[in-house]
Structures are given as C-alpha cells and as structure tokens.
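This briefing is intended for a reader who has the sequence and coordinates at hand. Please consult the model below alongside the notes that follow.

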Amino acid sequence: MHIPFLANWLHRDETVQGAVGLAAALDEDPEGIGEMFAECELLRSQARAAGLELDQTPASLEALDQLMPRWRRDPEAAPWLGNDAGFYLGTVIVRSIPGSSWRVRPNGQPVIGLASGRELGVVESGVSWAMTGSPELSQAYAEASEG
C-alpha cells in the first residue's frame, strides 16, 4: 500500500513530538492515515483463523464479539490485538457514522471525533475488549451511533 505522507512522517525530525507528527500527518492525508489504521493485521489474522472476514461493517463488530478469546492466553499478544481492535472499531465508525473522523489528542492518542463534538477513545475500548471482553465492540459502536 502506498501512503504518501508515510515516508516523510517516518523520516521526520526526531525533535518533533510524535503527537505533533501524527496530527500533522492526519491533517495532510486523513485518508492515508485512515487506511493505515484500518489495516489491523493481527486482528484480521485472528478473525480469519476463526473463519471471519472483517468487512468494516457494524455486523463484523458483532461477529468479533462472538469469537472465542483464545488470545487472552497470551498476555503479550492481547494488548497488540486490543490496539488493532480499537483501530478497527474506529474504522467502522468513521466509515459508517456521518460526521465522524479520526483526531489526535495532545498526548498523541488517536481518537474518534463525532459530529456532536464528543470524542471516543477507541484504542482504550479495543484494549479493554481484548483483555476482558468489555465493552463489547458492537456496544461501543452503538453508543457512538447515538452521538
């Protein structure tokens, strides 16, 4: 995949804070950042192994909630999978809820901004889902769709 800003972002001046770099990259190429966040390779491979293809729809979030959480046996994999789950949740929200978009908090944390002005920490939700099963991804999506 070719993401135009990525080469510049990876070779940025090391004195620039990561949050500033990500925010600038998001301003410069929101679609490219969205594509990068949507990759979620670890989550996709886990889903694929369980016979589920992630199609970036709300129904796929419900299907993920139904998977047996075998990854919880590996304490090193669960946070990475949770990070992917958060990015996937955010991707589904941005692609299906009008007025939603990726944003970057001052601390560098990517979040979803809703049309109402509310921000959702989807990465935190994804990590919590991977570690404990709560909140369910479909429930987090339902709350986002309410504004």
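A polar contact is a pair of N or O atoms within 3.5 Å, where, within protein, one atom must be able to donate a hydrogen and the other to accept it. On that basis, the side chain of serine 100 has a partner in the backbone oxygen of isoleucine 93, at 3.0 Å. The model discussed here is predicted. The protein has 8 helices and 3 strands, and 41% of its 147 residues count as buried.

**Confidence**

- Mean pLDDT for the protein is 87, with 86% of the residues at 70 or more.
- Confidence is lowest in helix α1 (residues 4-10), where the mean is 46, and highest in helix α8 (residues 137-145), where the mean is 97.
- Over residues 1-17 pLDDT stays under 50, and for this stretch the model has 18 contacts beyond four places in sequence.

**Overall arrangement**

- The order of elements along the sequence is α-α-α-α-α-α-β-β-β-α-α.
- Among contacts in the protein with a separation of 6 or more, 58% join residues 24 or more positions apart.
- Alanine 23, found in helix α2, provides one example of two residues distant in sequence: its C-alpha atom is 8.7 Å from that of proline 110, 87 residues apart along the chain.
- Alanine 23 has a relative accessible area of 25% and is therefore partly exposed, since the buried class requires a value under 20% and the exposed class a value over 50%.

**Nonpolar core**

- The largest nonpolar core comprises 35 residues, of which Leu43, Leu64, Tyr88, Leu89, Ile93 and Trp129 touch the most other members.
- Two or more residues of this core come from each of α2 (18-28), α3 (30-38), α4 (41-49), α5 (58-66), α6 (77-96), α7 (122-132) and α8.
- The greatest contribution to this core is that of α6, with 8 residues.
- Leucine 89 is in contact with Leu61, Val122, Ser125, Leu137, Ala140 and Tyr141, when neighbours within four places in sequence are left aside.

**Packing of α5 against α8**

- The axes of α5 and α8 are 7 Å apart and form an angle of about 145 degrees.
- On the α5 side the contact involves Pro58, Leu61, Glu62, Leu64 and Asp65, and on the α8 side Leu137, Ser138 and Tyr141.
- By residue class, the contact of α5 with α8 consists of 5 nonpolar, 1 polar and 2 charged residues.

**Serine 60 in α5**

- Serine 60 lies in helix α5 and has a relative accessible area of 4%, so this residue is classed as buried.
- Its side chain makes a polar contact, at 2.5 Å, with the side chain of tyrosine 88, one of the residues that touch the most other members of the largest core.
- Beyond four places in sequence, serine 60 touches Leu52, Leu54, Asp55, Tyr88 and Val92.

**Threonine 91 and helix α3**

- Threonine 91 lies in helix α6 and counts as buried because its relative accessibility is 2%, where the cut-off is under 20%.
- Not counting residues up to four places away in sequence, threonine 91 touches Gly34, Phe37, Ala38, Gln56 and Trp102.
- The C-alpha atoms of threonine 91 and glutamate 35 are separated by 8.5 Å, although these residues are 56 apart along the chain.
- Within α3, the buried residues include Gly32, Ile33, Gly34, Phe37 and Ala38.
- Cysteine 40, which follows α3, has a positive phi near 45 degrees.

**Serine 100 in the loop after α6**

- Serine 100 lies in the loop between α6 and β1 (101-104).
- With a relative accessible area of 11%, serine 100 is buried.
- In addition to the backbone oxygen of isoleucine 93, at 3.0 Å, the side chain of serine 100 has a polar atom 2.6 Å from the backbone oxygen of isoleucine 97.
- Leaving aside neighbours within four places in sequence, serine 100 is in contact with Ile93, Val94, Ile112, Gly113 and Leu114.

Notes. Residues are numbered from 1 along each chain as its sequence is written. This is a predicted model: local features need pLDDT of at least 70, side-chain atom pairs count only at pLDDT 80 or more; totals for chains, interfaces and linings use all residues. Side-chain values use heavy atoms; hydrogens and water are left out. pLDDT is the predictor's confidence in each residue, from 0 to 100. Helices (H or I, at least four residues) and strands (E, at least two) are DSSP runs, numbered from the N terminus. Contact means heavy atoms within 4.5 Å. A nonpolar core is a set of buried Ala, Val, Leu, Ile, Met, Phe, Trp, Tyr and Cys residues joined through side-chain atoms within 4.5 Å. Buried means under 20% relative accessible area, exposed over 50%, partly exposed in between (1.4 Å probe, protein chains only). Axes are lines fitted to C-alpha atoms, for helices over the stretch in contact, and angles run from 0 to 180 degrees between N-to-C directions. Ala, Val, Leu, Ile, Met, Phe, Trp, Tyr, Cys and Pro count as nonpolar, Asp, Glu, Lys and Arg as charged, and the others, Gly among them, as polar.
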